[in-house]
Amino acid sequence: MFSVRGRRNAPLAVVKNEANAEPTLAERALGHVDELYALARHLCGNPSDAEDLVQDTYARALAGAAQFEDGTNLRAWLFRILRNVFIDQARRRRIVLEVPDDNVESLAPDHWDTGKLEQLMYLSSSELSAAIAALPIEFRFVVLLDAEGCSEAEMAEILRCPAGTVKSRLSRAKARLRAVLKEAK
């Protein structure tokens, strides 16, 4: 139960005080904080920047709550906001993000042989994190969304692109990731 009193002593509820009330958008959005933080952590590379990114994401989401349509995918909406905030922060810092060309063919076939699969068991989390960090931002983003369990349809909604583009980007991202991991070994 948290509320703040406004100028006219009217409560500005972030969380409703009623016991059986349906959860507010803010309450439902907070249910995704761990997923957003995990993605932000991989995008930013350090906990402090990731926390700032998630905080800015929630601030922008709450400010734009009127634009959210009930019945649509809240998780995808929050991930899209996080992506946009991340890109906006990079632009403000004048960081050039490499965006992949969706017309380029795949770098490698999309299959693994058994020997290569067994090599993955011996990767450390730092090696995998470094390999993911080496990917261009849109590749990194699609790989991380895939790891979070997002469907291709959800990814298409988050990235605002056709599902075919998501499928292509994911395939090329995995191929690039395999290439980076192969170089590391």
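This short talk walks through a pocket, a few buried residues, an aromatic pair and the cysteines of one structure.

Please keep in mind throughout that what we are looking at is a predicted model.

Let me begin with the second largest pocket, which holds about 240 Å³ of space. The lining of this pocket is made up of 13 residues, and those closest to its centre are Q67, W77, R80, I81 and R160. If we sort the lining by class, we find 3 nonpolar residues, together with 5 polar and 5 charged ones. Which helix gives the most to this lining? It is helix α4, which covers residues 74-92 and supplies 4 residues.

One of the residues closest to the centre of that pocket is I81, and I81 is found in helix α4. Is I81 buried or exposed? With a relative accessibility of 9%, I81 counts as buried, because the limit for that word is under 20%. Leaving aside residues up to four places away in sequence, I81 touches T57, R60 and A61. The C-alpha atom of I81 is also separated by 9.6 Å from that of V54, although these two residues are 27 residues apart along the chain.

W77 is another of the residues closest to the pocket centre, and it brings us to the aromatic rings. A search of the whole structure finds 1 aromatic pair. That pair is formed by F68 and W77, whose rings are tilted, with 5.0 Å from centre to centre and 50° between the planes. Both of these residues, F68 and W77, are buried.

Turning now to helix α1, which spans residues 25-30, we find A29 there. A29 has a relative accessible area of 4% and is therefore buried. Again not counting residues up to four places away in sequence, the residues that A29 touches are Y58, L74 and L78. For Y58, the separation between its C-alpha atom and that of A29 is 8.1 Å, while the two residues lie 29 residues apart along the chain.

Finally, a word on the cysteines. How many disulfides does the count come to? The count comes to 0 disulfides, where the rule asks for a pair of cysteine sulfur atoms within 2.5 Å. As for their surroundings, C44 is partly exposed, with a relative accessible area of 21%, whereas C150 is buried, at 4%. The value for C44 is worth reading carefully, because buried means under 20%, so at 21% C44 is classed as partly exposed.

Definitions and conventions. Residues numbered from 1 in each chain as written. Predicted model: local features only at pLDDT ≥ 70, side-chain atom pairs only at ≥ 80, totals over all residues. Heavy atoms only, no water. Buried < 20%, exposed > 50% of the residue type's maximum accessible area, 1.4 Å probe, protein only. 1 Å grid on protein atoms, 1.4 Å probe; cavity = no way out; pocket = protein on both sides within 12 Å on 5 of 7 lines; lining within 4 Å. Points joined across faces, edges and corners; volume = space filled by probe spheres on them. Helix = DSSP H or I, 4+ residues; strand = E, 2+ residues; numbered from the N terminus. Nonpolar A, V, L, I, M, F, W, Y, C, P; charged D, E, K, R; others polar. Contact = heavy atoms within 4.5 Å. Phe/Tyr/Trp six-rings, centres within 6.5 Å; stacked < 30°, edge-to-face > 60°.
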